[in-house]
Each structure stands twice: as structure tokens, then as C-alpha cells.
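Welcome! Take a moment to turn the structure around, and then let us walk through it together.

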Amino acid sequence: MGIRKITDWEHSITDKMESCKEYDGFPRPEDFYTTEAEVKDYVYDKQRVLDRGDERSRNLVIPGIILVMPVIILSGFGDGVKILLFGVLIGVILTMLYFVIAKAVDKMKLKKMYDDNIERYVQAVLDYVEK
């Protein structure tokens with residue numbers, strides 16, 4: 001388990017909220033029909049989903065098992081180059097399918113948790129800080 005980078009999306013939003021909330025004209029969560037706690041929970045949950053893709057690309061144990069398993073299973077039916085290549089092909093297809101499904105699940109979670117009020121507030125915070 002690695003140390004979380006301070007430059008991730010969640011921390012950049014919460015740091016901007018904390019450091020600028022006393023300034024005149026800084027967006028208030030109440031103006032967007034939300035609370036500071038809801039915003040922090042939302043960006044935390046969204047960051048967790050965004051981090052899964054990075055974790056999957058660094059932790060290749062599951063894809064490695066998926067890639068090798070068909071070769072091991074098919075080796076029980078005989079040996080030869082054709083069976084080996086067929087097992088590798090099936091493993092590659094299953095591994096690609098794993099990544100596609102995992103990415104689709106992440107997109108579905110992001111879509112399901114989407115909150116327009118909070119997203120508008122986060123965008124207002126980013127716009128305020130850019131000025």
C-alpha cells in the first residue's frame with residue numbers, strides 16, 4: 001500500500017476549500033444546496049473510484065492469474081505449441097475483458113454517485129481559485 005499523493009484531485013479540492021473559505025466571494029456550499037461535509041464525502045468517494053484504475057495498472061496479480069490460468073487448464077488436455085498458443089490467446093482475451101469490465105464498473109459507479117449540485121460547487125471553487 002503506497003502513500004497517497006497530496007496532489008490528487010480530492011486533496012486539491014479540499015485544500016482549496018479550506019484555504020479560501022474565508023475570502024470574500026468564495027462559493028459557499030449552501031448556495032449550491034449542499035454542505036461542506038457532503039462535498040468532502042463526495043470528493044473522497046469519487047477519488048477512491050478514480051484511484052482504482054491506477055491501482056489496477058500497478059497491481060497486476062489478478063490480470064496475471066487470468067492470463068496464465070487458461071494455459072494451465074489447457075495443458076491438462078495435452079501439450080504442444082497449438083494448445084499453448086490457444087491458451088495464451090484465451091488468456092489475453094480474458095485479461096482485456098477484465099480491464100474493460102473493471103473500467104465500465106468504475107464509470108457506472110461514477111455515474112451513479114454523480115451529484116449535480118456538488119459538481120457545480122466544485123467547479124465554482126476551481127473557477128474562483130483560477131481567478
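Let us begin with contacts along the chain. Of the contacts in the protein between residues at least 6 apart in sequence, 73% link residues at least 24 apart. Keep in mind that this is a predicted model.

What is the chain built from? The secondary structure amounts to five helices and zero strands, and from the N terminus on the elements read α-α-α-α-α. The radius of gyration is 22 Å, well over the 14 Å that the globule rule gives for 131 residues, so the protein is more spread out than a compact globule. Its C-alpha trace spans about 75 × 30 × 25 Å along the principal axes.

Here are some whole-protein values to keep at hand.

| Property of the protein | Value |
|---|---|
| Buried share of the 131 residues | 25% |
| Exposed area | about 9500 Å² |
| Part of the exposed area supplied by carbon and sulfur atoms | 63% |
| Distance between the centres of the positive and negative side chains | 8 Å |

Behind that last value stand 19 positive and 22 negative side chains.

Now for the inside. The largest nonpolar core has 13 residues, and M17, V39, V43, Y121 and V122 have the most contacts within it. Two or more residues each come from helix 1 (9-20), helix 2 (36-58) and helix 5 (116-130). Helix 5 gives the largest share of this core, five residues.

Which residues does V39 touch, leaving aside its neighbours within four places in sequence? V39 is in contact with M17, T34, I118, Y121 and V122.

Definitions and conventions:
Residues are numbered from 1 along each chain as its sequence is written. This is a predicted model: local features need pLDDT of at least 70, side-chain atom pairs count only at pLDDT 80 or more; totals for chains, interfaces and linings use all residues. Side-chain values use heavy atoms; hydrogens and water are left out. A nonpolar core is a set of buried Ala, Val, Leu, Ile, Met, Phe, Trp, Tyr and Cys residues joined through side-chain atoms within 4.5 Å. Buried means under 20% relative accessible area, exposed over 50%, partly exposed in between (1.4 Å probe, protein chains only). Helices (H or I, at least four residues) and strands (E, at least two) are DSSP runs, numbered from the N terminus. Contact means heavy atoms within 4.5 Å. The radius of gyration is taken over C-alpha atoms; the globule rule is 2.2 Å times the number of residues to the power 0.38. Accessible areas come from the Shrake-Rupley method with a 1.4 Å probe; for residues, only the protein chains shown count as cover. Lys and Arg count as positive and Asp and Glu as negative; His and the chain ends are not counted. The place of a charge is taken as NZ of Lys, CZ of Arg, CG of Asp or CD of Glu.
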